[in-house]
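Subject: Structure for you to look at

Hello,

Here is the structure we talked about. Please open it beside this email and find each residue as you read.

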Amino acid sequence: MVHYELPRLPYGYDELEPFIDKETMQIHHKKHHQSYVDGLNKSLESIGGDAHPKYISAILSDLNSVPESARSTINFFGGGFENHRLFWETMNPKNDGVPGGKLEDAIDVYFDSFDNFKKIFSENALSIQGSGWCWLVFNPTYNKIEIMTTSNQTSPWTVQKTPLLGLDVWEHAYYLKYQNRRPEYVQNWWNVVNWDYVGNRFSELA
Ligand code: MN3
């Protein structure tokens, strides 16, 4: 039986200051992310996890293979587990603020410029009603990158798209510091995006 564990944060809780505060990072990682880990393990146990030995992204890509009794909890907790794992990896206290290499070229092709990409991504993030995520994904069917949003913890894997970069716009991601000021949170988050990581992820696919 595969048991998922809370992944280690690749930097200290206070290292994304002042853009994302220490207390938010601690609660978000140790409490919220842990709850998705626990929920995922419980859901897998309920259907005999040994029958589903694939990594969670592969399970999310083929939710119909999961017994109906656990499909919605695996969608939620499995998405929550994997979305947050990626979210931590795609942030970095020391970044140069711009994508490079093949990803930079693809952004120019599909969004005209990096500035325009950021504008469209931010507008999508702000348009989410309630809780959800805004994503830069790779669409393997058309071999292109796209921006999309999902509700709650639904992962792009569930629609066969590969998440490259995700922004958590649940209130728990920003409320302590920003209260209702989601636009300010989104704007400040760009300062901590780990473009090296996102670019490498893209290079492995395209
Ligand atoms: Mn979250």
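Below are notes on the metal site, the salt bridges, the surface charge and the backbone.

This is a predicted model, in which local features need pLDDT of at least 70 and side-chain atom pairs count only at pLDDT 80 or more, while totals for chains, interfaces and linings use all residues. Residues are numbered from 1 along each chain as its sequence is written, and side-chain values use heavy atoms, with hydrogens and water left out.

Metal site

The manganese ion has four protein donors listed by atom: His28 (NE2), His84 (NE2), Asp168 (OD) and His172 (NE2), at 2.0 to 2.1 Å from the ion. Donors here are N, O and S atoms within 2.8 Å of the metal (3.2 Å for Na, K and Ca); water is not among the atoms, so sites may look incomplete. Along the sequence, the spacing of the donor residues is H-x55-H-x83-D-x3-H. Histidine 28 is in helix α1 (residues 22-46) and histidine 84 in helix α3 (residues 68-89), so this pair ties together parts 56 residues apart in sequence. Helices (H or I, at least four residues) and strands (E, at least two) are DSSP runs, numbered from the N terminus. Histidine 28 and histidine 84 are both buried. Buried means under 20% relative accessible area, exposed over 50%, and partly exposed in between (1.4 Å probe, protein chains only).

Helix α1 also holds leucine 40, which counts as buried at 0% relative accessibility. From leucine 40 to serine 113 there are 73 residues in sequence and 39 Å in space, C-alpha to C-alpha.

Salt bridges

How many salt bridges does a search of the whole structure find? The search finds five. A salt bridge is a side-chain nitrogen of Lys or Arg within 4 Å of a carboxyl oxygen of Asp or Glu.

- Glutamate 82 and arginine 85 meet at 2.9 Å, N to O. They are three residues apart in helix α3, and therefore separated by about one helical turn. Both residues are buried.
- Glutamate 184 pairs with arginine 181, with the closest N and O atoms 2.8 Å apart. Glutamate 184 is partly exposed at 34% relative accessibility, and arginine 181 is partly exposed at 33%.
- Salt bridges that share partners join Lys144, Glu146 and Lys161 into one network. In the bridge between lysine 144 and glutamate 146, the closest N and O atoms are 3.9 Å apart. Lysine 144 is partly exposed at 26%, whereas glutamate 146 is buried at 15%.

Surface charge

Glu104, Asp105, Asp108 and Asp112 form a patch of negative charge on the surface. Patches are made of residues with over 30% relative accessible area and no salt bridge, with like charges joined within 9 Å. Within this patch, aspartate 105 sits in helix α4 (residues 101-111) and is partly exposed at 48%. Aspartate 112 lies in the loop between α4 and α5 (114-127) and is exposed at 63%.

Backbone

Aspartate 112 has a phi near 75°, a positive value in a residue other than glycine. Asparagine 143, also not a glycine, has a positive phi of about 55°; its place is the loop between β1 (132-139) and β2 (144-151). The peptide bond from glutamate 17 to proline 18 is cis, with omega near 0°, and proline 18 lies in the segment before α1.

Regards

Terms used. Patches are made of residues with over 30% relative accessible area and no salt bridge: like charges are joined within 9 Å, nonpolar side chains (Val, Leu, Ile, Met, Phe, Trp, Tyr) within 5 Å. Accessible areas come from the Shrake-Rupley method with a 1.4 Å probe; for residues, only the protein chains shown count as cover. Lys and Arg count as positive and Asp and Glu as negative; His and the chain ends are not counted. The place of a charge is taken as NZ of Lys, CZ of Arg, CG of Asp or CD of Glu.
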